[in-house]
Amino acid sequence: MAETFPQLINFSASLKDGAFISPPSASCKPLAMAIKIPEHGSIEGFAIIVDINGYSSIVAHPDANAIAQFTRDVLYGSVKAVENNNGIVVGFMGDALLAFIEKADDVGQCCYEIAKDLDKQCEYLSNNSHAFPFAPKGPSLKIGIEYGYFDVSEIWSDFLGNQKIFAGIAINYAQRISNAEVGNRCLVGPKAYEMGMDSYTYKHGGPYEIEGKKGEGKYVYYQVNLGDVWREGDSEESYWG
């Protein structure tokens, strides 16, 4: 049986053109939020999107329960990394999550913790490939980060109740640049780079460009250096990268 983390309630959400609908807070335990979210208005900070690579091939596997467990387990480490570093996860969309963090140093530490958690999962699955046969080498993640202002509104549905909607150019930008490169990657946009993430990028880690959708032009990004994240208590290199 696969090693699992505590169950994470994952509600459906929607991300389209820079808008993200969060899960209903009424269904979650009250938390002392690191960032105060207004009922209406705006917030400023780093938008972080964490997305599982190769998910289309994963969901083609016939064992839906195993896929759901795999998705939950992979994203749970990212949730804790965000919350450990003064951030909040505001929504999920299938194999992805959206989070906000206010300070660059917290973002950098969060990304290192995500990489360490990914490393541990890959190490486990490399020795237990039967656990999730559709991902025998373990999960792979892509992270997109950009800085900006985010408008906050609300929407209601009978099933989900009242939910917050987050919209902003930075969310859209983070999602677009996350699709650049291949394999595990952590990429930041130009505003995030200017606001402190330059300290966490490779010496020659950008700027690079990726074409946007028709009419959008190009998106600029930089690569965050996570290749030197090591397994805890071990002198071998990590699986990240």
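# Questions on a predicted model

Visitor: How many residues does helix 2 have, and what span does it reach from its first C-alpha to its last?
Guide: The model is a predicted one. Helix 2 covers residues 64-84. At 1.5 Å a residue the expected span is 30 Å, and the computed value is close to that. Helix 2 therefore has 21 residues and a reach, by the 1.5 Å rule and by the model, of 30 Å.

Visitor: Which residue just after helix 2 takes a positive phi?
Guide: The residue lies in the loop between helix 2 and strand 4. It is partly exposed, with a relative accessible area of 45%. Its phi is near 60°, and it is a residue other than glycine: Asn-86.

Visitor: Which residue in the loop between helix 4 and strand 8 has a positive phi?
Guide: Helix 4 spans residues 169-177, and the residue in question follows in the loop that leads to strand 8. Its relative accessibility is 35%, so it counts as partly exposed. With phi near 65° and a residue type other than glycine, it is Glu-181.

Visitor: How many helices and strands are there in the protein chain?
Guide: The chain has 241 residues, of which buried residues make up 49%. It exposes about 12300 Å², with 51% supplied by carbon and sulfur atoms. Its secondary structure comes to five helices and 10 strands.

Visitor: Among contacts with a separation of 6 or more, what percentage comes from residues 24 or more positions apart?
Guide: One pair of residues far apart in sequence is Tyr-112 and Ala-81, which are 31 residues apart in sequence and 8.5 Å apart in space, C-alpha to C-alpha. For the chain, the share of contacts from residues 24 or more positions apart is 70%.

Visitor: Why is strand 5 described as largely enclosed by the rest of the structure?
Guide: Ala-96, Leu-98 and Phe-100 point one way from strand 5, while Leu-97, Ala-99 and Ile-101 point the other way. Residues on both of these sides are buried. Strand 5 is largely enclosed because its buried residues number six of the six.

Visitor: Which residue of strand 5 is the bridge partner of Val-89?
Guide: Strand 4 (residues 87-93) pairs with strand 5 in the antiparallel sense over six bridges. The hairpin of these strands has two residues between them, and Gly-94 there takes a positive phi near 65°. Strand 3 (residues 41-52) also runs antiparallel to strand 5, joined by six bridges, and Ile-48 of strand 3 stands opposite Ala-99. The bridge partner of Val-89 is Ala-99.

Visitor: Which backbone oxygen does the side chain of Asn-53 reach?
Guide: Asn-53 is in the loop between strand 3 and helix 1, and it is buried, with a relative accessible area of 14%. Beyond four places in sequence, its contacts include Ser-140, Lys-142, Gly-183 and Arg-185. At 3.4 Å, its side chain reaches the backbone oxygen of Leu-141.

Visitor: How many disulfides does the structure hold?
Guide: The sulfur of Cys-186 is 3.6 Å from the closest cysteine sulfur, that of Cys-111, which is too far for a bond. Cys-186 is buried, at 3% relative accessible area. The number of disulfides in the structure is zero. Cys-110, whose nearest cysteine sulfur is that of Cys-111 at 5.3 Å, is likewise in no disulfide.

Visitor: Is Tyr-112 buried, partly exposed or exposed?
Guide: Tyr-112 is found in helix 3 (residues 104-127). Leaving out residues up to four places away in sequence, it touches Tyr-200, Asn-225, Leu-226, Asp-228 and Val-229. Its relative accessibility is 24%, so it counts as partly exposed.

Visitor: Which residue of strand 10 is the bridge partner of Tyr-208?
Guide: Strand 10 (residues 218-223) pairs with strand 8 in the antiparallel sense over two bridges, where Leu-187 is partnered with Gln-223. Strand 9 pairs with strand 10, also antiparallel, over four bridges. The hairpin of strand 9 and strand 10 has six residues between the strands, and Gly-215 takes a positive phi near 90°. The partner of Tyr-208 is Tyr-221.

Visitor: Which residue does a cis peptide bond join to Gly-206?
Guide: The residue lies in the loop between helix 5 and strand 9. Omega of the bond is about 10°, and the residue joined to Gly-206 is Pro-207.

Terms used:
Residues are numbered from 1 along each chain as its sequence is written. This is a predicted model: local features need pLDDT of at least 70, side-chain atom pairs count only at pLDDT 80 or more; totals for chains, interfaces and linings use all residues. Side-chain values use heavy atoms; hydrogens and water are left out. Buried means under 20% relative accessible area, exposed over 50%, partly exposed in between (1.4 Å probe, protein chains only). Two strands pair if DSSP finds at least two bridges between them. A polar contact is a pair of N or O atoms within 3.5 Å; within protein, one must be able to donate a hydrogen and the other to accept it, and residues adjacent in sequence count only if both atoms are side-chain atoms. Contact means heavy atoms within 4.5 Å. Accessible areas come from the Shrake-Rupley method with a 1.4 Å probe; for residues, only the protein chains shown count as cover. A disulfide is a pair of cysteine sulfur atoms within 2.5 Å.
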